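The report below walks through a single protein chain, moving from its sheets to its helices and then to a few unusual backbone positions. Please keep the structure open while reading.

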Amino acid sequence: MKKKALILGAGLAGLSCGYELARHGLDVTLIEKENEAGGLAKSFRNNKFTYDLGPHRFHSEKSYLIEHIKEILDNKVVIKKRKSEIFLKNRYFDYPLRTANIISRMPPLILLKIFFDYFTTQVKKRFKDVPDNSFENWVTNRFGTTLYEIFFKEYTEKTWGLSCSEISSDYAAQRISLLNLWDVVVKSVFKTKNIPRTYVSQFYYPQEGGIGNIAEKYMEKIAGHGAKIFLGSEIKTINVSSSGVTSVVFESNETSHSESYDYVCSTIPMTDLVSLITPQDDSKVKQACSELFFRSIVFVYLIINKPRLSDNHWIYIPGRLFLSNRISEFKNFNEDSSPPKKTIICSEVTCFCGDRIWNMNNERLADRVTEDLVQLGLTGENEVEDYFTYKMKHAYPIYDIYYQEHLGVIRNFLNQFDNLYSFGRNALFRYNNMDHSVEMGLSVAKSIIKGEKANLETATQKKWFG
Ligand SMILES: Cc1cc2nc3c(=O)[nH]c(=O)nc-3n(C[C@H](O)[C@H](O)[C@H](O)COP(=O)(O)OP(=O)(O)OC[C@H]3O[C@@H](n4cnc5c(N)ncnc54)[C@H](O)[C@@H]3O)c2cc1C
């Protein structure tokens with residue numbers, strides 16, 4: 001008898017796991033609530049345009065992961081040279097920051113203040129230690145107040161909807177791959193041996209379609225190995241005994257299914273997983289789930305009657321007066337994604353599900369983003385031909401200063417089930433990238449094949465977040 005594995009969620013974590021298990025002869029079933037696979041890394045196509053959910057570049061320090069993605073894409077991969085900028089103080093700067101570019105573009109007084117602040121912070125630190133207990137302190141301790149205020153504060157607060165003093169320093173430690181101002185100077189001037197992720201200048205992208213082509217190819221391959229795939233389907237309950245999942249009830253095409261599986265691999269948001277588990281009456285676990293929050297994004301797409309807005313893959317926009325956080329242009333990822341005389345851009349607008357922005361009507365959103373583009377000098381008001389939006393509820397797990405406490409309670413609860421694996425970005429509540437999700441999927445599949453028990457601590461090992 002083949003062992004049966006159920007995968008919940010067809011993002012890259014679920015797909016890579018499903019692919020590896022199916023390839024090793026397990027009987028795989030995949031359930032996805034949306035009508036298409038790919039999760040945060042999916043693409044959409046209409047008859048003229050291909051577009052992603054914001055900019056997606058694939059990169060990994062691990063060559064076996066790059067080889068794996070090439071194999072999934074049947075070697076139809078291109079290497080792109082990244083180009084991105086940040087709009088600050090009414091001018092564009094290269095991003096990642098480059099010393100020569102900052103020196104030539106930043107007003108001299110501000111430059112002086114940056115260096116003065118940096119050195120006084122370093123000296124003060126020798127006498128009085130300011131703990132790294134929030135994002136604000138972590139960054140100020142390493143970069144000084146002026147640099148923190150110019151480059152980090154506004155963008156971070158806009159993205160998270162929280163003050164930087166309420167954000168955990170884990171966010172900085174995981175996402176800022178530069179140590180301090182001196183490190184910025186060294187890494188941007190000299191070619192160092194270990195290039196931090198921020199400074200990696202090349203990335204991989206599918207030759208055809210958008211980033212979602214990776215998910216599409218996984219789906220073809222998984223189906224080729226005989227997996228049962230249920231898209232647009234809803235999980236109703238995950239029944240458990242004290243040691244594991246006994247059965248899963250789900251609905252697809254108005255038909256209810258109740259099945260037992262040897263392994264359940266969940267990549268759906270951790271808090272949603274807990275709410276599906278029956279019975280579950282631990283009030284501490286419920287409380288912890290109610291205090292873990294996700295940031296949402298409304299993606300606003302504008303079709304513009306112009307061959308190109310810029311040669312940037314994306315532009316960061318920290319200023320509070322702009323609605324957009326970041327703007328990406330898909331033609332720069334794949335020339336064939338748009339007709340020659342038109343271009344499509346995506347503005348990411350971060351918000352909380354159900355707030356004023358989430359509920360703003362499409363016309364207003366498109367008007368506000370058009371105003372942003374005009375202010376940024378990228379387009380004229382009358383060049384926008386059409387618009388549409390897409391909403392993603394679970395875009396970023398929010399690392400507030402209490403999140404570790406709540407996460408610990410939920411991890412302990414989930415760890416008691418020997419055949420329930422929870423991994424992937426929202427399933428682990430880790431702000432990770434595509435390569436990490438793929439690596440987790442492959443790694444969980446390997447541990448299932450080896451007969452190891454599920455354990456969320458293994459899944460949060462640092463190796464996945466280098
Ligand atoms: C705007 C943006 C830009 C990004 N840019 C990059 C980048 O440049 N490079 C990079 O490496 N990474 C990038 N990322 C991160 C990357 O997209 C994610 O890390 C990765 O795609 C996560 O994959 P996953 O499978 O872990 O999770 P997800 O993609 O979230 O997959 C989970 C799946 O589960 C499904 N699901 C949820 N609930 C249920 C349910 N109840 N039942 C069934 N199915 C369910 C979801 O629909 C989804 O398909 C970016 C992310 C965002 C938001």
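## Backbone and sheets of the predicted chain

Asn253 sits in the loop that links β11 to β12, and although Asn253 is not a glycine, its phi is positive, at about 50 degrees. Because Asn253 has 8 C-beta neighbours inside 10 Å, it counts as exposed. As a general matter, most residues other than glycine have a negative phi, and most peptide bonds are trans.

This is a predicted model, and its confidence should be kept in mind throughout. The average pLDDT of the chain is 91, and 92% of the residues score at least 70. Over residues 460–466, however, the pLDDT is below 50, and this stretch has eleven contacts in the model beyond near neighbours in sequence. Where pLDDT is low, the predicted coordinates should not be read in detail.

### The four-stranded sheet

The loop that holds Asn253 joins two strands, β11 and β12, which belong to an open sheet of four strands with mixed pairing, in the order β12-β11-β10-β14. The edges of this sheet are β12 (255–259) and β14 (277–278), and because each of them has a single partner strand, one side of each is left without a neighbour in the sheet. Within the sheet, strand β10 (residues 234–240) and strand β11 (residues 245–252) run antiparallel and are joined by six bridges, with Phe250 in β11 as the bridge partner of Ile235.

Leu276, which lies in helix α10 (residues 270–276), touches Ile235, Thr237 and Ile238, when residues up to four places away in sequence are not counted. Is Leu276 buried or partly exposed? Leu276 counts as partly exposed, because it has 19 C-beta neighbours inside 10 Å, whereas 20 or more would be required for a buried residue. The C-alpha atom of Leu276 is separated by 36 Å from that of Glu363, a residue 87 places away along the chain.

### The seven-stranded sheet

A further open sheet has seven strands with mixed pairing, in the order β7-β6-β16-β17-β18-β15-β19. Here β7 (91–95) and β19 (384–397) stand at the edges, and since each has a single partner strand, one side of each is left without a neighbour in the sheet. From one strand to the next, the twist averages 25 degrees. Helix α12 (residues 362–375) packs on this sheet and touches β15 (294–304), β18 (343–351) and β19, its direction making about 75 degrees with that of β15. Strand β6 (residues 84–88) and strand β16 (residues 314–316) run parallel and are joined by three bridges, and the bridge partner of Ser84 in β16 is Trp314.

### Strand β13 and its partners

Strand β13 (residues 263–266) is covered on both faces, with Tyr263 and Cys265 buried on one side and Val264 and Ser266 buried on the other. The strand pairs in the parallel sense with two others, and the table sets out these pairings together with one bridge from each.

| Strand paired with β13 | Bridges | Example of bridge partners |
|---|---|---|
| β1 (residues 4–8) | four | Leu8 and Ser266 |
| β20 (residues 420–422) | three | Cys265 and Tyr421 |

### A helix pair

Helix α5 (residues 135–143) and helix α6 (residues 145–160) pack with their axes 8 Å apart and at an angle of about 145 degrees, and their crossing is right-handed. On the α5 side, Phe135, Val139, Thr140 and Phe143 take part, and they meet Thr145, Leu147, Tyr148, Phe152 and Thr156 in α6. The residues of this contact divide into six nonpolar and three polar, with no charged residue among them.

### Other unusual backbone positions

Asp74, found in the loop between α2 (63–72) and β5 (77–81), is not a glycine and yet has a positive phi of about 50 degrees. Asp74 is exposed, because 12 other C-beta atoms lie within 10 Å.

Two cis peptide bonds also deserve attention during inspection of the model. One joins Tyr95 and Pro96, with omega about 0 degrees, and Pro96 is found in the loop between β7 and α3 (99–105). Another joins Thr278 and Pro279, with omega about -5 degrees, and Pro279 is found in the loop between β14 and α11 (283–290).

Key. Residues numbered from 1 in each chain as written. Predicted model: local features only at pLDDT ≥ 70, side-chain atom pairs only at ≥ 80, totals over all residues. Pairing = 2+ DSSP bridges. Axes fitted to C-alpha atoms, helices over the stretch in contact; angles between N-to-C directions. Left-handed = near helix turned anticlockwise from the far one by under 90°. Contact = placed C-beta atoms within 7 Å. Nonpolar A, V, L, I, M, F, W, Y, C, P; charged D, E, K, R; others polar. pLDDT = per-residue confidence, 0-100.
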